[in-house]
Amino acid sequence: MSDLVDNLRLTIAEQAAQIEKLKQENQVLKSRLQFVLRRLFGRASEKLDSRQLELTLGLKADPLAAIPKEPKSGPRLSATPRPKRERKPRLPEDLPTEEVVIEPEEVKANPAAFRRIGEEVTQELDYVPPKYFRRLLIRPKYVSLLNRELAPLIAALPPRLIEGSFATPALLSDILVRKYVDHLPLHRQAGILRTRYGIELSRKTMCDWVRAAADWLGPIYRRIGEQLRQSGYLQADETPIVFSRQEGGGSGKGYLWVCRDPKTHDVLFEWHTSRGAECLNELLKGFKGTLQTDGYVAYETYAGARQHVKLAGCWAHARRKFFEAKDESAVWARWILHQIGLLYRLEARLREPQLGPAGRRAARAAEASMILARLKRALTAKANAFLPQSGLGKAVGYALKRWPQLEMYRDDGRIEIDNNGVENAIRPTAIGKKNWLFIGHPEAGDRSAIIYTILENCRRCGINPQEYLQDVLERLPSMKIQDIEQLLPARWAKQRKAKAA
């Protein structure tokens, strides 16, 4: 009889354990479903209501007993109120102005009977559609009246970007900006020219022009890369882009790899048809210093084989994983998010006075160290509390595995808390590929990398990309390679500013 009871107890215990396991798996599946639904039907907000958080953490049955409490004497990181932004003028002062005077009909009929005492001005913003026109370069031919044996004289054509083509630098810069800044694919541009202006210009012709323009801009692109790799601290990321396989048909997935210098904000794109660590050999050729990335294994492989490259982590990626899994254990996950939020509040405060690396390092050592220590104790205590494949299990594992990398920013004032700067540089390509969908040829990826690099550096310098491209494409055919330095976007912007002053 006792054996039967023991067997029943054992069976009940096994079933209870199985039920508990199923409950955990069910919670994981629910969290994943909720995450997918948020992505499909609405953008999830990553902001936390501090009042709700305090209410949750103030429960009588404290579920955070195993987590070290924040000491009362800890750092006070009250958010500094942001200064109110001054309202900018609706229109720039140097905008071309056209004046239209509207006289009363009575004054028009008898001007001598009236005396002007003032005026009322109403401002409008008008628009004139772009104008395409034909330019004829006429070169008269002459023969010598003094020496009949001399060959006829004719002036030489100015240096041209594309021999035998009627494309001007202004037209090429317009096509490039429309495609890579305004995200208008070439076939749409061809349709606009045909239907609105009666100009028949094939997509293939424009593709050839884009290829030629990228070839001319290549030396500027390579010089940007050379300067960028001399920095001792870079951020890197990559974004997928579908490309059309010419041989055998079908499509493949390529990648634009991106690195950014947080100090100068220079950006470099490089195209590869794979996502392997070997792609970094060329992108980071000759680089020595700290490389800040997300947790992708290719960067770890690359840095692991090189003593002169150290990896720094990204708190934005760590935070994102906890946010996506916060419903699995709302109180604990929100506590973790609150602590990470304190780190970001400190960074926002340090950014306002624009402290140098030494000042940021000192402030982080004084204030961020305690928060980081508190976070590590909490994560270590929960290391085995969640299923490895659950959202929180992955989030905890991600953070603990890369903890030395996540802490690195505290001890080096040059390093940012996250990798968001390079992700912001990638954003224009993400918008563009929603319109043009894929790259038509693997080689076109290299051209896209060149043009995206040039235009993104124009954006961060605050210069008009069309004005820059037109000027550069006009000057390139007659320039020497040693003069390329003055055409870099940052140098070009300084020269323009100096001329304007």
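# Salt bridges and nonpolar cores

Within helix α6, which spans residues 203–229, Lys204 and Asp208 are placed four residues apart, or about one turn of the helix. The model is predicted, and the salt bridges counted in it number 22. This briefing treats selected salt bridges first and the nonpolar cores afterwards.

**The pair within helix α6**

- The side chains of Lys204 and Asp208 form a salt bridge, with an N to O distance of 3.3 Å.
- Lys204 has a relative accessibility of 59% and therefore counts as exposed, since the cut-off for that class is over 50%.
- Asp208, at 28% relative accessibility, counts as partly exposed.

**The pair between helices α10 and α11**

- Glu347 and Arg364 meet through their side chains in a salt bridge of 2.8 Å, N to O.
- Glu347 belongs to helix α10 (residues 330–351) and Arg364 to helix α11 (residues 357–381), so this salt bridge ties together parts that are 17 residues apart in sequence.
- Both Glu347 and Arg364 are buried.

**The pair between helix α11 and a loop**

- A salt bridge also joins the side chains of Arg360 and Glu416, at 3.4 Å from N to O.
- This pair links distant parts of the chain, 56 residues apart: Arg360 is in helix α11, whereas Glu416 is in the loop between α13 (403–411) and α14 (420–436).
- Arg360 has a relative accessible area of 11% and is therefore buried, because that class covers values under 20%.
- Glu416 counts as partly exposed, at 23% relative accessibility.

**A salt-bridge network**

- Salt bridges link Arg223, Glu226, Glu485 and Arg491 in a network.
- Side chains of opposite charge can pair when their charged atoms come close.

**Nonpolar cores**

- The largest nonpolar core contains 74 residues, and the members that touch the most others are Trp209, Leu217, Ile220, Trp257, Leu291 and Tyr468.
- Helix α6 gives the most to this core, contributing 11 residues.
- Leaving aside residues up to four places away in sequence, Tyr468 touches Ile220, Ile454, Cys458, Ile463, Leu487, Leu488, Pro489 and Trp492.
- Another core, of 35 residues, lies apart from the largest one; Ala312, Leu350, Ile371 and Leu392 are among its members.

Notes: Residues numbered from 1 in each chain as written. Predicted model: local features only at pLDDT ≥ 70, side-chain atom pairs only at ≥ 80, totals over all residues. Heavy atoms only, no water. Salt bridge = Lys/Arg side-chain N within 4 Å of Asp/Glu carboxyl O. Helix = DSSP H or I, 4+ residues; strand = E, 2+ residues; numbered from the N terminus. Buried < 20%, exposed > 50% of the residue type's maximum accessible area, 1.4 Å probe, protein only. Core = buried A, V, L, I, M, F, W, Y, C linked by side-chain atoms within 4.5 Å. Contact = heavy atoms within 4.5 Å.
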